[in-house]
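The following report looks at charged side-chain pairs and at the surroundings of a bound ligand. Please read it alongside the sequence and the structure shown here.

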Amino acid sequence: MLIDRITEGLRDPELAGRLSRQIHDAATRPLRLMEVCGTHTMAIFRHGIRSLLPAEVELISGPGCPVCVTSAGDIDQIIDLADRPGVILATFGDLLRVPGSDCKNLAEARAEGANVEIVYSPAEALKIAQATDRTVVFPAIGFETTIPVIAATALEARQKGINNFKLLVSHKVVPPALYALLGDPELAVDGLICPGHVSAIIGEKAYEPLAAKFHIPCVIAGFEPMDILSAIYLLVRQIQDGQARVENCYGRVVSREGNPRARAMIEKVFEPCDAQWRGLGAIPGSGLALRPDFSDLDARTAFGLVFHDVPEPKGCRCGEILTGKVKPPQCPLFNTRCTPTRPVGPCMVSSEGTCAAYSKYGGL
Ligand code: SF4
């Protein structure tokens with residue numbers, strides 16, 4: 001079968017054309033498929049996947065951009081800490097321009113004198129802590145993909161006795177958010193393109209209860225054009241056949257069991273907690289917090305931070321975009337007051353944000 005050849009030609013135009021024709025043939029009614037992951041959103045735009053699909057197949061973006069789903073209240077805490085004397089905020093660059101509730105972002109805080117360092121890994125933040133007497137805070141944002149490496153850094157900080165390294169943890173895990181999304185009667189989705197990187201950790205089997213409960217097909221995909229087209233084809237075929245199974249077209253990376261060692265590392269350092277998602281609100285058990293054994297690493301405890309549930313930037317519809325209810329052109333600020341150079345909301349800031357993808361590549 002054609003999809004068995006994906007590893008031979010992940011970007012082969014001839015194979016892509018043939019798979020596109022198979023999707024056209026298989027899709028006999030309107031279907032809405034959600035790509036859960038922000039990296040998929042960008043790949044879909046970058047490779048022009050939408051242009052290969054029939055009008056019946058609509059792709060909608062989901063809540064899989066970690067920066068975008070980080071609540072405005074969490075962003076405020078990060079900016080608050082950056083402004084404190086004696087603190088070095090060591091962060092990934094994608095947080096730099098995410099506005100807080102008063103529209104100020106980390107880049108502006110840095111311009112006003114806050115000590116904000118861009119790092120490419122939590123290990124780099126730990127190295128900064130080793131070389132300074134100041135307190136180094138790393139905002140721990142991300143899904144199952146990035147959490148193991150942050151857990152490893154926490155363990156290293158503990159083992160080396162580096163006491164001035166703190167984590168501001170806003171980690172989120174994907175399955176509870178999918179339950180919340182699919183339980184929303186306003187969201188009519190026929191199938192899920194499941195995230196490749198997250199699935200490498202949680203495994204195929206993590207989606208099986210979800211597929212059964214909501215009778216929704218789930219297909220795990222990689223990030224090459226043929227990965228995504230193959231996933232769409234499998235979803236369309238399942239839907240037409242009335243099936244709701246978990247399939248995996250990213251078998252070169254994702255196994256049924258996932259990565260138990262990485263999960264064990266996560267469980268050693270973190271425990272489940274409720275979390276506030278931009279767009280989805282509070283979802284029970286959808287976040288991770290440091291275990292009591294690691295509370296000395298907790299920036300919230302060290303600085304007595306209190307979470308405030310603050311509103312979205314005025315006029316920004318990121319919350320509805322992250323839940324697939326509207327598309328960026330439906331936001332009155334899209335490409336007018338909100339642009340990649342002057343973003344109003346996180347979906348325009350992040351390299352995985354849906355508004356950024358629409359703005360960069362166009363599309364409806
Ligand atoms: S276009 Fe800008 S303001 Fe509108 S939803 Fe997207 S990020 Fe928010």
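## Salt bridges and ligand shell

Arg256 and Glu208 join their side chains in a salt bridge, with 2.8 Å from N to O, where a salt bridge is a side-chain nitrogen of Lys or Arg within 4 Å of a carboxyl oxygen of Asp or Glu. This pair links distant parts of the chain, since Arg256 belongs to the loop between strand 9 (246-248) and helix 12 (260-269) and Glu208 to helix 10 (residues 208-214), 48 residues apart; helices (H or I, at least four residues) and strands (E, at least two) are DSSP runs, numbered from the N terminus. Lys205, Glu208, Arg256 and Glu257 are linked in a network of salt bridges.

The model is predicted, so local features need pLDDT of at least 70 and side-chain atom pairs count only at pLDDT 80 or more, whereas totals for chains, interfaces and linings use all residues. Residues are numbered from 1 along each chain as its sequence is written, and side-chain values use heavy atoms, with hydrogens and water left out.

By the salt-bridge rule the count comes to 19. One of these pairs is Arg158 with Asp296, whose closest N and O atoms are 2.7 Å apart. Arg158 lies in helix 7 (residues 147-160) and Asp296 in the loop between strand 11 (281-290) and helix 13 (299-303), so this salt bridge ties together parts that are 138 residues apart in sequence.

Arg278 and Glu312 also meet through their side chains in a salt bridge, at 2.9 Å from N to O. Here Arg278 is in the loop between strand 10 (270-277) and strand 11, and Glu312 is in the loop between helix 13 and helix 14 (318-322), 34 residues apart.

The table gives relative accessible areas, for which buried means under 20%, exposed over 50% and partly exposed in between (1.4 Å probe, protein chains only).

| Residue | Relative accessible area and class |
|---|---|
| Arg158 | 36%, partly exposed |
| Asp296 | 37%, partly exposed |
| Arg256 | 40%, partly exposed |
| Glu208 | 30%, partly exposed |
| Arg278 | 2%, buried |
| Glu312 | 29%, partly exposed |

Turning to the ligand, the residues that surround it, with a heavy atom within 4 Å, include Cys316, Arg317, Cys318, Cys331, Phe334, Cys338, Gly345 and Cys355. By class, this shell has 10 nonpolar, one polar and one charged residues, where Ala, Val, Leu, Ile, Met, Phe, Trp, Tyr, Cys and Pro count as nonpolar, Asp, Glu, Lys and Arg as charged, and the others, Gly among them, as polar.
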